[in-house]
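Welcome to a short set of exercises on reading a protein fold. Have a look at the model below, then work through each task before you read its solution.

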Amino acid sequence: MKTIVFACFMIFGAAAVLNAQDTTSMTRDKYRQDAAKDQDHKSQDNYTDKDVIAASELPANIRQQLQSGDYSAYTVSKAYRKTKDGQTLYAVELSRGNEKKKVKFDAQGNILKEKTKGKDNQ
């Protein structure tokens, strides 16, 4: 009887040892992979490798769009130029009171993306 109980303890002990893995290293590796994917995604849309330029350095077709139409009531806060995949892109930060917009253009003046923050309740 003692032998059977001892054998059961040995079997359960061996099973516990085999199943006890270091999961923290796998969790850390997964976290690093997820963080790298997030950083890759952010860097695709983020203008971190941009050049700050004056609004007067923007192409004429972009300046014209900013002076007329939807953006005429806004003031240019900052302007950026970035080259990505051989294509020159521009980002312009606009402000009007508490409202801020970030508009991205290609070199031809086509709007690629627009974000609005802090809209006034008008």
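Two strands pair if DSSP finds at least two bridges between them, and the strands (E, at least two residues) and helices (H or I, at least four) are DSSP runs, numbered from the N terminus. This is a predicted model, where local features need pLDDT of at least 70, side-chain atom pairs count only at pLDDT 80 or more, and totals for chains, interfaces and linings use all residues. Residues are numbered from 1 along each chain as its sequence is written, and side-chain values use heavy atoms, with hydrogens and water left out.

**Exercise 1.** Find out how β2 and β3 pair, and what links them.

*Solution.* Start with the residue ranges: strand β3 covers residues 87-96, and strand β2 covers residues 75-84. Next, look at the pairing, which is antiparallel over nine bridges. One facing pair to locate is Arg-81 and, in β3, Tyr-90. Finally, follow the chain through the turn: two residues lie between β2 and β3 in this hairpin, and Asp-85 there has a positive phi of about 55 degrees.

**Exercise 2.** Put the strands of the sheet in order and name its edges.

*Solution.* Begin with the order, β1-β2-β3-β4-β5, in an open sheet of five strands with antiparallel pairing. The edges are β1 and β5 (111-117), as each of them pairs on one side only. From one strand to the next, the twist averages 20 degrees (axes are lines fitted to C-alpha atoms, for helices over the stretch in contact, and angles run from 0 to 180 degrees between N-to-C directions).

Now check both edges. At one of them, β1 (residues 51-53) joins β2 through three bridges, with Ile-53 opposite Ala-79. At the other, six bridges connect β4 (residues 99-106) with β5, and Lys-104 faces Lys-113.

**Exercise 3.** Decide whether Leu-66 is buried or exposed, and list its contacts.

*Solution.* First, place Leu-66 in helix α3 (residues 60-67). Its relative accessibility is 8%, so Leu-66 counts as buried (under 20% relative accessible area is buried, over 50% exposed and in between partly exposed, with a 1.4 Å probe and protein chains only). Then look for contacts, meaning heavy atoms within 4.5 Å. Beyond its neighbours within four places in sequence, Leu-66 touches several residues, including Leu-58, Tyr-71, Val-76, Val-92 and Phe-105. Leu-94 is another contact; it is 28 residues away in sequence, yet the C-alpha atoms are 9.2 Å apart.
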